[in-house]
Amino acid sequence: MPREPSPPSITETAFDCPHCGAYTTQYWFEVYANARDKNATPHIPDGNTRKRITEEKDIPDEAKRNLLEWCDKMDSGLIYLERNDGKYAPRNVDNLNLSQCYNCDKVAVWVKGNLIHPNQKLGVPPNTDLPDHIIRDYEEARGILGDSPRGAAALLRLGVQKLCVHLGEKGKNIDDDIASLVSKGLNPLVQKSLDIVRVIGNEAVHPGVIDLYDDRDTASQLLILINSIADQMISHPKKVEELYGKLPENKREAIEKRNSKVKQSE
């Protein structure tokens, strides 16, 4: 029986990590602030910073490695915790807290009781057999679903179009593409699902276009729809092929010989 989800919460010490999704221990940190020197602004390294560090001959190798590692962390855009033993930080930053995941070490940011980083993703996770470029759109849509359901729905319509192209369709008309996929084995109920979320039958709604009538339910249904197509047209055939490949060679030869006779008799 699947485990019940445990969404991130500022009142818990274990929950589903908003970064990696694992249910695990979360460590909480208070935040302190040190004032910068007068007129000093935050230093954000860029490509020139890395180049200067790499070319500087007077920096010891270990220090250079540490500096380049720092550049990589800063360039990732993620928040991370750096050791700073003994440094006095006089100002406590209230209503701002950090949690760090035991599994992936990534940091989440909380203002009062609200998770503000990373964006909390809503809806079902993507089928892992989807192509990477579709998963990126899918996850971006999950990330904005709460704040912009219309934007999420537009991304997901585009995802349906890209998925149809990946499966060998033209990608110009979703209605035609899904009809073609149904003829190739896609469950006809998927076509009805498209009607329900108004992707088909409304000339004003095209892949990637925002519909003023879209809401969270529409976007959530599109998430399920993409996974349903991937389950039937990618994951299931993949699993069948894996199982078939594990059959003894003589059994596979007998099956292929039988299939060849059937084709010749047709």
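# Briefing: helices H2 and H3 and the second largest pocket

On one side of helix H2, Glu-62 and Arg-65 are exposed (over 50% relative accessible area, with buried under 20%, partly exposed in between, a 1.4 Å probe and protein chains only); the buried residues of H2 lie on the other side. The model is predicted, so local features need pLDDT of at least 70 and side-chain atom pairs count only at pLDDT 80 or more, whereas totals for chains, interfaces and linings use all residues. Residues are numbered from 1 along each chain as its sequence is written, and side-chain values use heavy atoms, without hydrogens and water.

**Overall fold**
- The protein chain holds 8 helices and 5 strands (DSSP runs numbered from the N terminus: H or I of at least four residues, E of at least two).
- Read from the N terminus, the order of elements is β-β-α-α-β-β-β-α-α-α-α-α-α.
- The chain has 266 residues, and 29% of them count as buried.
- Among contacts (heavy atoms within 4.5 Å) with a separation of 6 or more, 55% join residues 24 or more positions apart.

**Helix H2**
- Helix H2 covers residues 61-76, and its 16 residues should span 22 Å at 1.5 Å a residue (1.5 Å times one less than the number of residues); the end C-alpha atoms are 23 Å apart, which agrees.
- Lys-64, Leu-68 and Cys-71 are the buried residues in H2.
- Viewed down the H2 axis, the buried residues fall within an arc of 50 degrees (taken from the directions from the axis to the C-beta atoms), so they line one face of the helix.
- The partner against which the buried residues of H2 pack is helix H1 (47-55).
- Gly-77, just after H2, adopts a positive phi of about 80 degrees.

**Helix H3**
- With 13 residues, H3 reaches 19 Å from its first C-alpha to its last, close to the 18 Å expected.
- Buried in H3 are Ile-134, Ile-135, Asp-137, Tyr-138, Ala-141, Arg-142 and Gly-143.
- Helix H4 (149-166) and helix H7 (216-245) are among the elements that cover the buried residues of H3.

**Second largest pocket**
- The second largest pocket has a volume of about 740 Å³.
- Its lining comprises 31 residues, and Cys-17, Pro-18, Gly-21, Lys-121 and Arg-142 lie nearest its centre.
- Helix H3 (residues 132-144) gives the most to this lining, namely 6 residues.
- By class, the lining has 14 nonpolar, 9 polar and 8 charged residues, with Gly counted as polar.
- A pocket is an open set of points on a 1 Å grid where a 1.4 Å probe fits, with protein on both sides within 12 Å along at least five of seven lines, and lining residues have an atom within 4 Å of a point.

Key
Points joined across faces, edges and corners; volume = space filled by probe spheres on them.
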